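Work through the exercises below with the model at hand. Try each task before reading its solution.

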Amino acid sequence: MQSNRRFFFQTLGVSAAGIGLATLPLTSCATTTQKQASEDEGQQLFIGDDIAIAETKYGKVKGFILRGTYNYRGIPYGADTGGKNRFMPPQEPEPWTGVLPTVWWGNTAPQDMTNRYANAYSSFADHWNYDDVSEDCLKLNVWTPEIDDKKRPVLVWIHGGGFTNGNGFEQDSYDGENLSKKGDVVFVSINHRLGPIGFSDLSAAGGAKYADSGNVGVLDIIAALKWVNENIANFGGDSGNVTIMGQSGGGAKVCTVTSMPASEGLIHKAVALSGNIVGAISKDYSAKLGTYILNEAGLSSSEIDKLQEMPWADYLVLANKAAEKLTQDVGGSGMMRGSFGPVADRVHLPDTPFFSGMNSYSSKVPMLLSTTTGEFSPSRTNAALENISFEEVKDNLRNSSSPTSSPYGDKADAIVDAYANAFPNKKPIDIWSMILSNRSKVIETANAKANQAAPVYLAWFGWEPPLFDNRMRAFHCLDISFWFGNTDLMLTHTGGGKHPRTMAEKMSDCLLAFMKTGNPNTDNLPDWPAYTKENGETMILNDSCEVKNDPDRDARKLL
């Protein structure tokens, strides 16, 4: 697969109209001549032999300075995971001599890349950024205002895509420049192992050598956090104030990592957007899947090491076939996007619900949870559904053959009526979208977290973009660009301009406040109380922001 150079040059050329994009003075790594050039001629990019040099535990790295922000792309935090390292816990990278150029994204973790850009509208709206794919994928990216000894809050972004797809730079929304510059914080994004490569539990078939194989994908995230703990001070960051944040599958990873004993001391706050889980795959299921994989390969237990020798693309096909057969025999795992995900092995992850331990480390970690009102709307790709009636919505929800929703059978009428009563100003298509995008999982997570000592704050994002004839609604992934101040960068999500930028100012302020204090309250929003199970306090994020007490509670209970 050819390198995606478009994203790099797009990043270099983006307008400075976003949040806090006034040009900052260049730092001590730029010469006086370079500073003068920037002031007099507007030069935006500086790269050279003695520019943006930083120390790491493993050797020096060289990045570049873009619009006053230091950028490092593709810093190794772990060794190549191929060959003998496949299915094994992450190993430290080999130290290097000299200065390692870190000016380009690290490889995307192995995943199915077939027809990734097949749908023209989806490719236009999301314009995913994918580069080379390989098992040498344990790389991270850093944005920082300065290479100095100032201790800035650190945000570690964990990408979405379930536990199967994605990378740390797949959307322009993931760019860390604007948040780093606005809040004087350090922004880190990571790649890690995914799908069958990251979550094949071969312990039952392979014994002690493969004891950790079902969780190496999340052990990679722990390794990245250890790298941050040991190295981020060299990039102007505070290892004692680290917030992890993710969306969709990334949000589920945030919930998972926060519940891992190994995260103690490595994370201090957590933000999960549109992806919430309160448990991992059962050990019985994951171990059975491992035996199915071995059977699919036609190997005995003594030959299991041959799975490490297969080309990764062949292994993905084989493992997914095994998962399909297991699903046919015993049903699915219940995890997001397939049968491969973190395993409740009682070593790295508990077999009890996440956040249930009053004295566990997670009890000390404040959390911010948020979803969108229209995560999935049927009319986004079908304009005819904009004028659907309530009766037709009920038919779709009732009909088990409907491809656009889970069937609710005889409960469909009551569910639609309850949502329509709770939100009387919404059209039938809006109600349908809200039911498909319901908050059951995030409420379950918030209720679990509310039992612990540290607070949890809950938001519901409802801002809708004026694109595609207003059919997009507050869709899955839209809110990322608002939290990070990237609404003028992710134009195909927001339309750009003052309207979304005003909302992004408020939301990025909240995120920065939460990173710094564990509390998202700012002067730009109404008072945001911590969530309680009794009241369900929810900050509604829209052009007009307000706190409501569990506005969909009665309707949601019918689901």
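**Exercise 1: a salt bridge**

The side chains of R67 and E177 form a salt bridge, with 2.8 Å from N to O. A salt bridge here is a side-chain nitrogen of Lys or Arg within 4 Å of a carboxyl oxygen of Asp or Glu. The model is predicted, so local features need pLDDT of at least 70, side-chain atom pairs count only at pLDDT 80 or more, and totals for chains, interfaces and linings use all residues. Residues are numbered from 1 along each chain as its sequence is written, and side-chain values use heavy atoms, with hydrogens and water left out.

Task: state which parts of the chain the R67 and E177 pair ties together.

Solution.
- Step 1: place R67 in the loop between strand 4 (64–66) and strand 5 (69–76).
- Step 2: place E177 in helix 4 (residues 177–183). Helices (H or I, at least four residues) and strands (E, at least two) are DSSP runs, numbered from the N terminus.
- Step 3: the pair therefore ties together parts that are 110 residues apart in sequence.
- Step 4: check burial. Both R67 and E177 are buried. Buried means under 20% relative accessible area, exposed over 50%, and partly exposed in between (1.4 Å probe, protein chains only).

**Exercise 2: other salt bridges**

Task: decide whether R346 is buried or exposed, and find which residues are linked with D550 in a network.

Solution.
- Step 1: the salt bridge count is 35.
- Step 2: R346 and D351 meet through their side chains at 2.7 Å, N to O.
- Step 3: R346 has a relative accessible area of 58%, so R346 is exposed. D351 is at 48%, so D351 counts as partly exposed.
- Step 4: D550 and R556 also form a salt bridge, at 2.8 Å, N to O. D550 and R556 are both buried.
- Step 5: salt bridges link R439, D550, D552, R553 and R556 in a network.

**Exercise 3: the nonpolar cores**

Task: find which helix gives the most to the largest nonpolar core.

Solution.
- Step 1: define the term. A nonpolar core is a set of buried Ala, Val, Leu, Ile, Met, Phe, Trp, Tyr and Cys residues joined through side-chain atoms within 4.5 Å.
- Step 2: the largest such core has 86 residues, and Y72, V188, W227, F235 and I293 have the most contacts inside it.
- Step 3: helix 7 (residues 216–231) gives the most to this core, with nine residues.
- Step 4: look around F235. Leaving out residues up to four places away in sequence, F235 touches residues including Y72, V142, V186 and W227. Contact means heavy atoms within 4.5 Å.
- Step 5: another core, of 41 residues, lies apart from the largest nonpolar core. Among its residues are A125, F187, V271 and L273.

**Exercise 4: two helices**

Task: work out how helix 7 and helix 8 are oriented to each other.

Solution.
- Step 1: helix 7 and helix 8 (residues 249–258) pack at about 75°, with axes 11 Å apart. Axes are lines fitted to C-alpha atoms, for helices over the stretch in contact, and angles run from 0 to 180 degrees between N-to-C directions.
- Step 2: the two helices are therefore roughly perpendicular. Angles under 35 degrees count as roughly parallel, over 145 as roughly antiparallel, 65 to 115 as roughly perpendicular and the rest as oblique.
- Step 3: V218, I221, I222 and L225 of helix 7 meet K253, T256 and V257 of helix 8.
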